[in-house]
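What follows is a short report for a reader who is meeting this structure for the first time. Please keep the sequence and the model in view while reading.

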Amino acid sequence: MHSVANPAEPRRFQLLQPLVDGVQDRIQRRERQLYWLGNDLLSQLTHSGRYKLRFDLRRRGAGWYYAEYNTFVVMGEEDNYKLHVYEYSGNAGRDSFSYQNGMMFTTYDRDNDPWKNIPSRNNCAVYNGGGFWYNNCAECAVNTIRGRGDDFRWYGLTGGNGLQSSRMWLHC
Ligand SMILES: [Ca+2]
């Protein structure tokens, strides 16, 4: 597994979610939600079938890694923006996003995940501090506040899976 010093901004990539640092901060948490591309647009774009999904992941205290999914489709609102991701490649260790494949999108006020936990209102977004596609809840926890819930991490990254930063890209 080799990391790169810093990922160059890829061309023809559309930013889905800009750089997120794992800082426990209320303002940043709000900004993170504001910057999300939006599930309606994401659904429209990915239904064209022309886009792949890429994560740039910076391990805490280490370099950058990437994870790509050759197939990335987000269903519409009527399906609660259900996620389809397939064909992982990259250098970020074991595929961690497939754990959330087939899941619907959960936000603070819309619990669409299968998780049951009464203190967190059965809601993974409440538990993790951010909306995302959740199972029980996340192995790809890039919308999670550091130190909270599943922690800010990419589960399959070997040699320490805690993240410093992450970015999500759509690209052709
Ligand atoms: Ca739930």
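Read along the sequence, the elements of the protein come in the order β-α-α-β-β-β-β-α-β-β-β-β, which amounts to 3 helices and 9 strands. The model is predicted, and 37% of the 172 residues in the protein are buried. Of the contacts with a separation of 6 or more, 51% are between residues that are 24 or more positions apart.

Some places in the backbone deserve a closer look. Two residues other than glycine have a positive phi, and the table sets their values side by side.

| Residue | Phi | Other C-beta atoms within 10 Å |
|---|---|---|
| Glu87 | near 65° | 12 |
| Arg121 | near 55° | 13 |

Glu87 belongs to strand 4, which covers residues 83-90, and Glu87 is exposed because 12 other C-beta atoms lie within 10 Å. Arg121, by contrast, is in the loop between strand 5 (105-106) and helix 3, and with 13 other C-beta atoms within 10 Å Arg121 counts as partly exposed.

The loop after helix 3 (124-128), leading to strand 6 (132-133), holds Gly129. Is Gly129 buried or exposed? Gly129 is buried, because 21 other C-beta atoms lie within 10 Å and 20 or more are enough for that class. Gly129 and Arg148 are 19 residues apart along the chain, while their C-alpha atoms are separated by 7.3 Å.

Further along, the loop between strand 6 and strand 7 (140-141) contains Cys137, and the peptide bond that leads from Asn136 to Cys137 is cis, with omega near -5°.

Technical notes: Residues are numbered from 1 along each chain as its sequence is written. This is a predicted model: local features need pLDDT of at least 70, side-chain atom pairs count only at pLDDT 80 or more; totals for chains, interfaces and linings use all residues. Helices (H or I, at least four residues) and strands (E, at least two) are DSSP runs, numbered from the N terminus. Two residues are in contact if their C-beta atoms, placed from the backbone, lie within 7 Å.
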